[in-house]
Amino acid sequence: MSDDSTVVLTDIKAALASAETEAAQKPAALLVVGGDLNGTLFDLNLPEISCGRNADNTIPLEFNGISRYHFKLVDAGSDQWTVQDTGSKNGTFLNNKKIEGEVTLNKGDMIKLGSMALKFLPKGDPERLTYDKLSLEANTDGHTGCFNKTYFNNKCELEVKKSKVTGDPLSLIVFDLDHFKSLNDNYGHDAGDFVLKELAGLIRNNGVRDLDTFARYGGEEFVILLPKTNLKQSFEIAERLRKLVEVHDFNYEGKILPVTASIGVSDYRQGVTTGTDLFKRADEAVYKSKQGGRNQVNFYRAQ
């Protein structure tokens, strides 16, 4: 074997070993096969996972033929999962056979409910890495690493539905950078791109929890969706992040750029029936911050 071939083979082996190591850290998952959600992964990271049409399910699937609480998965230990129908109207099928009682899942098993099919991927299955990559590309803003507007809008609608069912608080913070056009005009678009990326990292590393959704909504506008967080708590978080942005040195090629943010906060309460309602309220509060002199936080007040 030539030296070049040896190097190539070594590189391939190293890449495979790296992929196996990465996959080993991933939990078991259900992969949607076909339909509107094709390629979507649902991690199985709780002892019990419920699936059905209601928003308070661990995996909410609001599609025809799916019952409010359709089936559940249970962590049986030793990297084993079981599936059980939970009184669905149309039944739950495993590999085209209707489930009776509790059944242990094996790699590649297909769970069908209504018109949807979910493929079981056990813990450490390297197949999921491909879907992780595709999901990341589809849902992430390439420049800042934040979630994108489409992902945020879908998540916001879902969380509003959850709050309707559970009564849990839900808040939204909207950031809009002040005088961003002037910054681009005075320092160049590369400087503006630097600020967006720096800001995203600053916020992400200083107060965004695993259950929150941090996204770039568009241009110089960012959002943080905060489940299980009331208006008072979210206002305090927003004010802390505002100060963090204000005092941070945005050092671009030796120049400290002037960066502040006008921030609006809203929460789920009477009058909010959709994710759009929640966003519009926070956006109105941003406008109030702009009118008030910028670099401040306001929350939505009903007229």
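This report describes the confidence, cores, buried residues and salt bridges of one predicted model.

## Model and confidence

Residues are numbered from 1 along each chain as its sequence is written. Because the model is predicted, local features need pLDDT of at least 70, side-chain atom pairs count only at pLDDT 80 or more, and totals for chains, interfaces and linings use all residues, while side-chain values use heavy atoms, with hydrogens and water left out.

The protein chain has an average pLDDT of 91 (the predictor's confidence in each residue, from 0 to 100). A score of at least 70 is reached by 92% of the residues. Over residues 11-17, pLDDT stays under 50, and the model has zero contacts (heavy atoms within 4.5 Å) for them beyond four places in sequence. Where pLDDT is low, the predicted coordinates should not be read in detail.

## Nonpolar cores

A nonpolar core is a set of buried Ala, Val, Leu, Ile, Met, Phe, Trp, Tyr and Cys residues joined through side-chain atoms within 4.5 Å. Buried means under 20% relative accessible area, exposed over 50%, and partly exposed in between, using a 1.4 Å probe and protein chains only. The largest nonpolar core has 30 residues, and I173 and F175 have the most contacts inside it. Several helices (DSSP runs of H or I, at least four residues) and strands (runs of E, at least two), numbered from the N terminus, supply at least two residues each, including β12 (170-177), α6 (231-247) and β17 (261-267). Helix α5 gives the most, with seven residues.

Leaving out residues up to four places away in sequence, F175 touches I203, E220, E221, F222, I224, L241, A261, S262 and I263. A second, separate core has 22 residues, among them L44, L73, W81 and L118.

## Two buried residues

S234 lies in helix α6 and is buried, with a relative accessible area of 0%. Beyond four places in sequence, S234 touches S171, I173, L226, T229 and V265. The side chains of S234 and S171 make a polar contact at 3.2 Å. A polar contact is a pair of N or O atoms within 3.5 Å; within protein, one must be able to donate a hydrogen and the other to accept it, and residues adjacent in sequence count only if both atoms are side-chain atoms. S234 is also 7.5 Å from L172, C-alpha to C-alpha, although they are 62 residues apart in sequence.

T213 is found in strand β13 (residues 213-218). T213 counts as buried, at 2% relative accessibility. Not counting residues up to four places away in sequence, T213 touches F147, Y151, K155, V223, I224 and L225.

## Salt bridges

Side chains of opposite charge can pair when their charged atoms come close. With a salt bridge defined as a side-chain nitrogen of Lys or Arg within 4 Å of a carboxyl oxygen of Asp or Glu, the count comes to 19. One of them joins E159 and K155 (3.8 Å, N to O). These two residues are four residues apart in helix α3 (residues 149-166), so about one helical turn separates them. E159 is buried at 8% relative accessible area, whereas K155 is partly exposed at 23%.

In helix α6, E239 and R242 are three residues apart, about one turn of the helix, and their side chains meet in a salt bridge (2.8 Å, N to O). R242 is buried, with a relative accessible area of 9%. Another salt bridge links the side chains of R269 and D267 (2.7 Å, N to O). R269 is partly exposed at 44%, while D267 is buried at 11%. Salt bridges that share partners also join K26, D43, R128 and D132 into one network.
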